[in-house]
Amino acid sequence: MTTALTLAPARTVAELIERLDGIPPERIRLIPTPGTATEADLISVLDHENIICELVEGTLVEKPMGYDLGQVTFEFIFYLANFLRIRNLGLANGPDGTLRLTTGLLRVPDISFVSWDRLPDRKKPVGPVPMLGLDLAVEVLSKSNTKREMNRKVREYFDSGVVLVWLIDPRTRTARVYSSVEDSALLTEDDSLDGGAVLPGFRLSLRELFEAANRGPDA
């Protein structure tokens, strides 16, 4: 498991953006001052502004938001929740499920799954920001997610013990499936997401997922 790095304050905005993997500046919160933000600050923003942030290198970074992203996330969670009602393999969470990957590093997968066997005494975690070794982390990509940002997230997820990572891209109607940092496969809408040993029996057609997220009134 990685540990958070303590870095010298960024001297310029450009340096700060570079450290945060080139994400757009509108996602970087300047209050609290970058480099000084804490877990309590993140919780306060969520409670009082209803804005989902991640904590990276002492900086609050807003998660991309959008109606289209929300629809894909909703349809995925709906399908996964129905699957788990039958199989009862563990717990799923949505895009406000903040997790502590390591000290000072808080991430918010759009969808996550943790098996009962990974939970102490097979009980639901308590507290607003638990530290969990997830089985599955899913991110629904927006145009503001940079490749470097997502590569970093994938690495952090696996370093924290995640078994499987899926990056779903509604714009290209594809998904990249990672079984490790080095091993991944690109799926098209002709393919299906397969839960394998993490979610035995789970299969979700990407075509069906995207069509469900984009259905109109005559569907």
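So, Leu99 pairs with Arg107, its bridge partner over in β5. This is a predicted model, by the way, so please hear everything that follows in that light. Leu99 opens the pairing I'd like to start with: strand β4, residues 99-102, is joined to strand β5, residues 105-107, by three bridges. The two strands run antiparallel, and together they make a hairpin with two residues between them. What is the phi of Gly104 in that turn? Positive, about 80 degrees.

Just ahead of that hairpin is Thr98, in the loop between β3 and β4. Is Thr98 buried or exposed? Buried: the relative accessible area comes out at 5%, and the cut-off for buried is under 20%, so Thr98 qualifies. Now, who does Thr98 touch? Leaving out neighbours within four places in sequence, the contacts are Leu42, Leu106, Arg107, Val108, Pro128, Val129 and Pro130. You'll recognise Arg107 there, the partner of Leu99 from a moment ago. And for a sense of distance, take Leu55: 43 residues from Thr98 along the sequence, with the two C-alpha atoms 9.8 Å apart.

Okay, on to β6, residues 111-115. How many of its five residues are buried? Five of the five, so I'd call that strand mostly covered. As a general point, side chains in a regular strand alternate between the two faces of the sheet. Here, one side of β6 carries Ile111, Phe113 and Ser115, and the other carries Ser112 and Val114. Both faces are covered, with every one of those residues buried.

What does β6 pair with? On one hand there's β3, residues 90-93, joined to β6 by four bridges and running antiparallel to it. On the other there's β7, residues 136-140, with three bridges to β6, again antiparallel. If you want one residue to click on, make it Phe113. In the β3 pairing, Phe113 is the bridge partner of Ala92, and in the β7 pairing Phe113 stands opposite Leu136.

Next, some backbone geometry, since I know this group likes to look at torsions. The peptide bond from Ile31 to Pro32 is cis, with omega near 0 degrees. Pro32 sits in the loop between α1 and α2, where α2 is residues 39-49.

Then there are two arginines with positive phi. Arg122 has a phi of about 60 degrees, and it isn't a glycine. You'll find Arg122 in the loop between β6 and β7, so called partly exposed because its relative accessible area is 48%. Arg173 has its phi near 55 degrees, also positive without being a glycine. That residue is in the loop between β8, residues 164-169, and β9, residues 174-178. Arg173 is partly exposed as well, with a relative accessible area of 25%.

Let me go back towards the start of the chain, to Ile17. Which element holds Ile17? Helix α1, residues 13-19. Its relative accessible area is 19%, and buried means under 20%, so Ile17 counts as buried. Setting aside residues up to four places away in sequence, Ile17 touches Gly22, Ile23, Pro25 and Ile28. Compare the position of Val198: that residue is 181 places away from Ile17 along the chain, and the C-alpha atoms of the two are separated by 35 Å.

Last bit: the whole protein. The secondary structure adds up to five helices and twelve strands. The radius of gyration is 17 Å, close to the 17 Å from the globule rule for 219 residues, so the protein is as compact as a globular protein of that length. Along the principal axes, the C-alpha trace spans about 50 × 45 × 35 Å.

What share of the 219 residues counts as buried? That would be 47%. As for contacts, take those between residues at least 6 apart in sequence: 58% of them join residues at least 24 apart. The exposed surface is about 11500 Å², with carbon and sulfur atoms supplying 54% of it.

And for the electrostatics people: how many positive and negative side chains are there? There are 25 positive and 32 negative, and the centres of the two sets lie 1 Å apart.

Definitions and conventions
Residues are numbered from 1 along each chain as its sequence is written. This is a predicted model: local features need pLDDT of at least 70, side-chain atom pairs count only at pLDDT 80 or more; totals for chains, interfaces and linings use all residues. Side-chain values use heavy atoms; hydrogens and water are left out. The radius of gyration is taken over C-alpha atoms; the globule rule is 2.2 Å times the number of residues to the power 0.38. Buried means under 20% relative accessible area, exposed over 50%, partly exposed in between (1.4 Å probe, protein chains only). Contact means heavy atoms within 4.5 Å. Accessible areas come from the Shrake-Rupley method with a 1.4 Å probe; for residues, only the protein chains shown count as cover. Lys and Arg count as positive and Asp and Glu as negative; His and the chain ends are not counted. The place of a charge is taken as NZ of Lys, CZ of Arg, CG of Asp or CD of Glu. Two strands pair if DSSP finds at least two bridges between them.
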